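This report goes through one protein chain, with attention to its confidence, its sheets and its cysteines. Please keep the sequence and the structure in view while reading.

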Amino acid sequence: MSWGPGSAPAWELPADNETPCIFFEPLFGETGDVLDFRWTSMNVPAEGWVRSLELPRHLSLWALEGVALFDVGACVRVLLRGVPHVGQVPGDVAGRQFVVVRHGEGLALWLLPRDESRASDAQQAIRERNARREVEEALARTEQTVSALREAEERYRLATRATHDVLWDWHFATDRVRWDPGTGDAFGHATAVLDHQLGWWGARVHDDDRERVVDRLVTFVASTGDVWKDEYRFQRADGSWAHVLDRGVLARDDEGRPVRMIGSMMDVTERTRELASMVEEARFRERFIGILGHDLRNPLNAIMLSARAQKRRGPLECTPEQHRQHAQRIESSAARMGNMIADLLDLTRARLAGGIPLRKGPTDLGVVCQQVVDELSAAYPERAIAVDVDGKAEGEWDAERLAQVLSNLVGNALEHGTPEAPVFLRCWAKGDHQVVEVQNPGTPIPEELRERLFDPFRQGEGERTQGRRNAGLGLGLFIVKEIVQAHGGTVEVASSQKEGTTFTVKLPRPPRPKAKVRASRSRTRTA
């Protein structure tokens with residue numbers, strides 16, 4: 001195979017080619033820059049030329065031997081730009097020229113004889129055309145590279161505009177992290193590019209999450225993986241906490257050492273809250289169905305047993321006392337089921353309709369207190385209930401709902417308090433509020449139960465097994481809280497061995513025009 005400077009030479013040089021040619025490979029430094037070149041192969045004519053001048057393999061040493069054809073910088077430009085470098089061999093009596101062209105990943109040096117008689121216009125045109133073609137190809141490759149960079153930059157810019165995520169870029173050499181908030185505000189920390197140390201990020205990871213997240217990140221960087229992901233709580237600029245999903249891709253060098261990591265931090269607070277709400281809702285429904293099936297079955301069984309006993313004995317075999325007992329058991333069980341159904345309706349209104357509806361009107365809360373005490377005293381004739389109304393207790397409230405609140409609170413005190421001790425119901429005005437307090441001595445409520453005391457279905461664990469006669473669905477205190485909050489008030493509980501248990505209700509009592517006040521139409525629960 002014959003070949004010359006104008007064609008694409010093979011790496012193995014044919015020995016019969018009379019034009020000296022030498023191939024060079026670049027030598028790179030640690031930073032990737034070209035530091036020198038050394039020859040790797042040559043044809044026979046080139047071997048004679050190199051041997052006669054005793055040229056070393058490294059190009060940078062040629063100048064020391066008096067053959068300063070070109071410097072290393074000129075060769076680097078040929079390698080990077082692809083434009084040939086042409087010159088004349090200094091001191092050569094034959095007037096030969098040399099040309100350096102890019103070949104593969106390295107360079108090819110041609111030593112050309114200068115023969116004016118053979119350098120025809122056609123040959124000159126070919127050389128110029130070939131040189132021009134190489135320049136055009138180099139420019140085309142450069143344009144493609146620039147175009148690809150522009151497209152990548154445009155995609156990054158559009159992605160940044162389309163997301164509220166924080167895009168981050170971590171450089172391991174400097175341990176600096178560059179934050180780009182996109183269209184968001186980087187959790188309140190910045191609206192423009194933010195540059196910080198990695199420790200700045202770590203200090204804002206929640207204390208309960210920091211050790212786990214940092215350990216996993218360190219382990220990942222030390223591994224051979226390239227994709228990292230974790231969820232944790234991150235502190236916003238206002239001090240609140242955001243649940244975030246953090247993901248990153250790690251770039252490594254040829255030796256596997258981490259160089260750069262790029263990722264995004266997504267705010268998933270709402271998603272986490274919704275997921276927790278869905279889990280809680282599923283648990284709520286499961287518990288709702290279980291408790292409903294258990295508690296409604298008891299009074300229903302009592303009704304069925306009484307009805308069967310009445311049917312089995314017949315009207316002639318039952319004494320009047322037995323008839324009365326059966327009827328009383330059926331009535332009591334039906335009333336209990338009615339109370340449960342009313343509680344469930346209130347629960348549904350509170351959860352689905354945004355709160356329990358009220359029918360406010362002029363109300364004397366002192367009258368409501370006395371009415372509730374009278375009704376519960378009839379249901380608990382063996383218990384003492386003390387009521388104390390200090391001053392006027394008039395306001396714009398729903399009398400029936402407040403009677404329900406007081407009945408639940410006093411009823412709880414009778415059920416859970418010491419049987420020999422009285423239950424105290426106090427009502428007084430305090431500034432723009434009306435305060436109602438229900439207090440009973442007895443075993444205090446465990447502290448771990450107080451935080452969830454007003455949640456639905458938070459009935460005492462031993463209440464069912466201890467056979468409390470008014471044990472319901474565990475909705476009483478939940479409904480108390482919903483009714484009081486619907487009035488714009490608050491309800492609190494305090495419990496200790498010394499003072500017993502006290503529930504305190506505070507209702508706003510703005511000035512109202514004088515009108516005829518009313519009491520409750522009795523929604524009070526009875527035994």
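Which residue in E8 is the bridge partner of tryptophan 179? The partner is leucine 194, and the pairing that brings these two residues together is described below, after some remarks on the model as a whole.

## Model and confidence

The model is predicted, and the average pLDDT of the chain is 78, with 74% of the residues scoring at least 70. Two stretches call for caution: over residues 1-15 the pLDDT is below 50, although this stretch has 30 contacts in the model beyond near neighbours in sequence, and over residues 460-470 the pLDDT is likewise below 50, with 19 contacts counted in that way. Where pLDDT is low, the predicted coordinates should not be read in detail.

## Overall make-up

The chain holds 11 helices and 18 strands, and of its 527 residues 38% are buried. Of the contacts between residues at least 6 apart in sequence, 56% join residues that are at least 24 apart. The accessible surface of the chain comes to about 30600 Å², and carbon and sulfur atoms account for 53% of that area.

## The six-stranded sheet

An open sheet of 6 strands follows the order E8-E7-E6-E11-E10-E9, and its pairing is antiparallel. Strand E8 (194-197) and strand E9 (227-235) stand at the edges, and because each has a single partner strand, one side of each is left without a neighbour in the sheet. On average, neighbouring strands of this sheet are turned by 25° against each other, direction ignored. Helix H5 (residues 207-222) lies across strand E6 (166-171), E9, strand E10 (241-252) and strand E11 (258-267), and its direction makes an angle of about 160° with E9.

At the E8 edge, strand E7 (residues 176-180) pairs with E8 in the antiparallel sense over 4 bridges, and the bridge between tryptophan 179 and leucine 194 belongs to this region. Valine 177 is also found in strand E7, and it counts as buried because its relative accessibility is 4%, under the 20% cut-off. Leaving aside residues up to four places away in sequence, valine 177 touches Trp168, Asp169, Trp170, Leu194, Asp195, His196 and Leu198. Between the C-alpha atoms of valine 177 and isoleucine 262, which lie 85 residues apart along the chain, the separation is 9.3 Å.

## Strand E18 and its partners

Strand E18 (residues 500-508) is largely enclosed by the rest of the structure, because 7 of its 9 residues are buried. Strand E16 (residues 433-440) pairs with E18 in the antiparallel sense over 8 bridges, and asparagine 440 stands opposite threonine 501 in E18. Strand E17 (residues 490-496) also runs antiparallel to E18 and is joined to it by 7 bridges, with alanine 494 opposite threonine 502. E17 and E18 are connected by a hairpin through 3 residues.

## Cysteines

How many disulfides does the count come to? The count comes to 0 disulfides. Cysteine 369 is in no disulfide, since the nearest cysteine sulfur, that of cysteine 427, is 4.5 Å away, whereas a disulfide requires the two sulfur atoms to be within 2.5 Å. Cysteine 369 counts as buried at 0% relative accessibility, and cysteine 75 counts as buried at 2%.

Notes: Residues are numbered from 1 along each chain as its sequence is written. This is a predicted model: local features need pLDDT of at least 70, side-chain atom pairs count only at pLDDT 80 or more; totals for chains, interfaces and linings use all residues. Side-chain values use heavy atoms; hydrogens and water are left out. pLDDT is the predictor's confidence in each residue, from 0 to 100. Contact means heavy atoms within 4.5 Å. Buried means under 20% relative accessible area, exposed over 50%, partly exposed in between (1.4 Å probe, protein chains only). Two strands pair if DSSP finds at least two bridges between them. Axes are lines fitted to C-alpha atoms, for helices over the stretch in contact, and angles run from 0 to 180 degrees between N-to-C directions. Accessible areas come from the Shrake-Rupley method with a 1.4 Å probe; for residues, only the protein chains shown count as cover.
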